[in-house]
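The exercises below concern core composition and helix packing in a predicted model. Each task is followed by a worked solution.

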Amino acid sequence: MAIIEVKVPQLSESVAEATLLQWKKKPGEAVAIDEILIEIETDKVVLEVPAPAAGVLAQLVKNDGESCVSDEVIAKIDTEGKEAVSPLEVKPVPEVKPAPGAASDTAGAKGDVAMPAAAKLLAENQLGAGQVAGSGKDGRVTKGDVQAALQTGAKAAAPAVAAPAAAAVSVPVAPSVAKALPAVTVPAALNLGDRPEQRVPMSRLRARVAERLLQSQATNAILTTFNEVNMAPVMEMRKRFQEKFEKEHGVKIGFMSFFVKAAVAALKRYPVINASVDGNDIVYHGYFDIGIAVGSPRGLVVPILRNADQMSFADIEKKIAEFGQKARDGKLSLEDLTGGTFSISNGGTFGSMLSTPIINPPQSAILGVHATKDRAVVENGQIVIRPMNYLAMSYDHRIIDGREAVLGLVAMKEALEDPARLLFDI
């Protein structure tokens, strides 16, 4: 027997521990080299753990949901083992009897009210046969009837009978949610009806986001300044060059590349907006690493565009598209999420009109971008319709005075309303 240990990958210095999600293999099952055995969630990213060798999974040292640290052994693989083959374990199906007073088998029906597979499923979900309408022969309840009732939350056409107060009933959950959430039961005495509840622990990422947001509000003197920008020039430029740009670079021109370029132009003119606080010191950064807030299935993440001042519009659009795909697939690395001197949050993607974004520590400012809408504005004494976007910049008033904050946002506005200036860095 040759045993190979499966260890937790090296975590970053800022990550104390991680959480094992769900094993994709069971002890006794064969594994191939580099086959993903489990995913590990840190407060920043999800890491995949591949099999270091081919063989049979001999032992799980750590189970689903347990905490782990760098280089800790979580499983063992027997490289000379053979996959275990055992007969299926057959468990007796508990007999389900209708509650007193419940609707019984229809006239002439034979056997039990529920079919064996349905009876097992009813027992597992603590339901009585009388609570599900049967579509089988002679009104028998089938497995499909029970599954449909669990998915829709519908109670049977057959008269339902209230269970004793001490019993528990299953809370129906939408199928898309049920896959991600553990089964939860509540006392029948609560009589929730159409008001179900589900308690789910925070993921490490969500808990970390909550911690950092509270830290930001507790340690920064956050103030927000607002302005509006006429997006017509940007929209006209995009329309004019979109086809050629996409043909040349294989990606479309989005609004975000303009916002990134405008932000960098403003940060160059007002460096304190790009600075951070370290104790009693102000650290001025001679580089521009722009964080782009991205929504993912796991929550909010902020991957970093490094040296954004040196990136072209095409470079920015390609990198943002790459980050978006990685976020959806859970493939963002620690390197993607580490650092940053300024952030941009685009709530307009979801239709937000206005917000006051929270600073992402240790940064000192963040730009909030919102939905572009046609609005009535006054130009040269005339009321005209223009595609307007409200910008909001939150900043740490400890080091950034109102003058720099307001002028910085105005610089972004001017760059967006005359985007040709971005091409010439003026």
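Three exercises follow, on the nonpolar cores and on two helix pairs.

**Exercise 1.** Determine where the largest nonpolar core lies with respect to the domains.

*Solution.* Begin with the core itself: the largest one has 75 residues, and Ile-74, Val-260, Phe-342 and Ile-344 have the most contacts inside it. Next, consider the contributing elements: helix α6 (residues 255-269) supplies the largest share, 9 residues. Then turn to the domains: domain 1 (3-78) and domain 2 (219-423) both give residues to this core, so the core lies between them. Finally, another core, of 7 residues, lies apart from it and includes Leu-122, Leu-127, Val-141 and Val-146.

**Exercise 2.** Classify the packing of α6 against helix α9 (residues 402-417).

*Solution.* The two axes come within 8 Å and cross at roughly 135°. Angles from 65 to 115 degrees count as roughly perpendicular and those over 145 as roughly antiparallel; α6 is therefore oblique to α9. The crossing is right-handed. As to the residues involved, the α6 side of the contact includes Phe-258, Phe-259 and Arg-269, and the α9 side includes Gly-408, Met-412 and Leu-416.

**Exercise 3.** Repeat the analysis for α6 and helix α7 (residues 313-329).

*Solution.* The axes lie 9 Å apart, at an angle of about 120°. This angle makes α6 oblique to α7. In handedness, the crossing of α6 and α7 is right-handed. On the α6 side, the residues in contact include Phe-255, Met-256 and Val-260; α7 contributes Phe-313, Ile-316, Glu-317 and Ile-320.

Methods. Residues are numbered from 1 along each chain as its sequence is written. This is a predicted model: local features need pLDDT of at least 70, side-chain atom pairs count only at pLDDT 80 or more; totals for chains, interfaces and linings use all residues. Side-chain values use heavy atoms; hydrogens and water are left out. A nonpolar core is a set of buried Ala, Val, Leu, Ile, Met, Phe, Trp, Tyr and Cys residues joined through side-chain atoms within 4.5 Å. Buried means under 20% relative accessible area, exposed over 50%, partly exposed in between (1.4 Å probe, protein chains only). Helices (H or I, at least four residues) and strands (E, at least two) are DSSP runs, numbered from the N terminus. Domain bounds come from an automatic or database domain assignment. Axes are lines fitted to C-alpha atoms, for helices over the stretch in contact, and angles run from 0 to 180 degrees between N-to-C directions. Angles under 35 degrees count as roughly parallel, over 145 as roughly antiparallel, 65 to 115 as roughly perpendicular and the rest as oblique. A crossing is left-handed if the near helix is turned anticlockwise from the far one by less than a right angle, and right-handed if clockwise. Contact means heavy atoms within 4.5 Å.
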